[in-house]
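Colleague: Please take a close look at one part of this model and work outward from there. I would like the cut-offs stated as you go.

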Amino acid sequence: HPEPEPAPRSLAHRCQHRSATMLDVPFLPFCAFLGTLGLLCLAMVGSWCQHWRGGFSLDGSSQTFNWHPVLMVAGLVVLYGAAALVYRIPNTWSGPKLPWKLLHGGLALGAFVLTVLGLAAVFRFHNSQGTPNMYSLHSWMGLATVLLFSCQWAAGFGAFLLPWAPTWLRALYKPIHVFFGSTILMLSVASCVSGINEKLFFSLKNGTTQYKLLPAEAVFANTLGLLILVFGVLVVAALARPSWKRPDSNSQDSRQVRDTLGGDL
């Protein structure tokens, strides 16, 4: 007589399927939450620099430095994260890809411009104050991230936007481009978090409540660092989620999407 399948195994399978269904968050509400989180990070870094660090200026003082964290969070984290998620939008799975390529490249270019301006702010501050440049781990990591970002953008432009790039080159470079996209985002998050920590160590010492005593500024900035980390992790998780990836043009899922939306992938 055939032996029935063990009940615990069947129960475990049902529980696993139920858990997967419960975690199946729709993409667009997830993006709305991410957008809100990104705007919160921008609002908090701006509030930190305005309320505790003296505001903003372009005269080479510490107020000039304050543009650095704001522009870096805006460019390297929030805008770059938005650029990374463009191809997860379901509308990109059908119809011509060129408008979405231009949007993806344009957002990344905007992030790069903000990042360069952020670097200019910190170098101007250091030079005007006689402070050495590029001596800390934070500065090494940040500059390496920006250089990698610039190479990533240039290679992506050459491979995916220039019309004479051969198909085999695009297919070869695509997984590399995707891998370094997530890598650059996490390096950006690490650079921002380490920069926040470094600024607190430099600022909260003589004449102020020390960092180790956890004044209100330290609580606020530490919370900002955690939110930036959560934002980066959620973006990378969205990029890695199989059900949110653009289906392969020859797959059954791709044909179903094409039939449903009435377009060509």
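Modeller: A pocket, on a 1 Å grid over the protein atoms alone, is an open set of points where a 1.4 Å probe fits, with protein on both sides within 12 Å along at least five of seven lines. Grid points are joined across faces, edges and corners, and a volume is the space filled by probe spheres set on the points. The part I have chosen is the second largest pocket, with a volume of about 600 Å³. Its lining, meaning residues with an atom within 4 Å of a point, has 31 residues, and those closest to the centre are F65, H68, V122, H138 and E198.

This is a predicted model, in which local features need pLDDT of at least 70 and side-chain atom pairs count only at pLDDT 80 or more, while totals for chains, interfaces and linings use all residues. Residues are numbered from 1 along each chain as its sequence is written, and side-chain values use heavy atoms, with hydrogens and water left out.

The lining of this pocket draws at least two residues from each of α2, α4 (67–84), α5 (98–129), α6 (137–161) and α7 (167–203). Helices here are DSSP runs of H or I with at least four residues, strands are runs of E with at least two, and both are numbered from the N terminus. The largest share of the lining, seven residues, is supplied by α7. By type, the lining residues of the second largest pocket are 17 nonpolar, 11 polar and three charged. In that count, Ala, Val, Leu, Ile, Met, Phe, Trp, Tyr, Cys and Pro are nonpolar, Asp, Glu, Lys and Arg are charged, and the others, Gly among them, are polar.

The surrounding fold has nine helices and zero strands. Of the protein's 265 residues, 37% are buried, that is, under 20% relative accessible area, with exposed meaning over 50% and partly exposed in between (1.4 Å probe, protein chains only). Among contacts (heavy atoms within 4.5 Å) with a separation of 6 or more, 70% are between residues 24 or more positions apart.

Two of the helices that supply the lining can be followed through single residues. T145 lies in α6 and, at 0% relative accessibility, is buried. Leaving out residues up to four places away in sequence, T145 touches L76, I184, L187, S188 and S191. Its C-alpha atom is 9.2 Å from that of T183, a residue 38 positions away along the chain. In α5 sits K101, a lysine that counts as buried at 16% relative accessibility. Beyond its neighbours within four places in sequence, K101 is in contact with Y87, F160, L161 and R170.

Next comes α8, whose buried residues pack against α2, α4 and α7. They are E217, A218, A221, L224, G225, L227, I228, F231, G232, V235, A238 and L239. The 25 residues of α8 reach 36 Å from first C-alpha to last, close to the 36 Å expected at 1.5 Å a residue, where the expected span is 1.5 Å times one less than the number of residues.

The structure holds one salt bridge, defined as a side-chain nitrogen of Lys or Arg within 4 Å of a carboxyl oxygen of Asp or Glu. It joins R53 to E217, with the closest N and O atoms 2.8 Å apart. R53 lies in the loop between α2 (27–51) and α3 (62–65) and E217 in helix α8 (residues 216–240), so the pair ties together parts 164 residues apart in sequence. E217 has 5% relative accessibility and counts as buried.

The loop between α2 and α3 also contains D59, which is exposed at a relative accessible area of 53%. Apart from neighbours within four places in sequence, D59 is in contact with T64 and R124. From D59 to F125 the C-alpha distance is 8.4 Å, with their positions 66 residues apart in sequence.

Two other loops deserve a note on backbone angles. Most residues other than glycine have a negative phi. M134, in the loop between α5 and α6, has a positive phi of about 55° and is partly exposed at 29% relative accessible area. L214, in the loop between α7 and α8, has a positive phi near 55° and is partly exposed at 46% relative accessibility.
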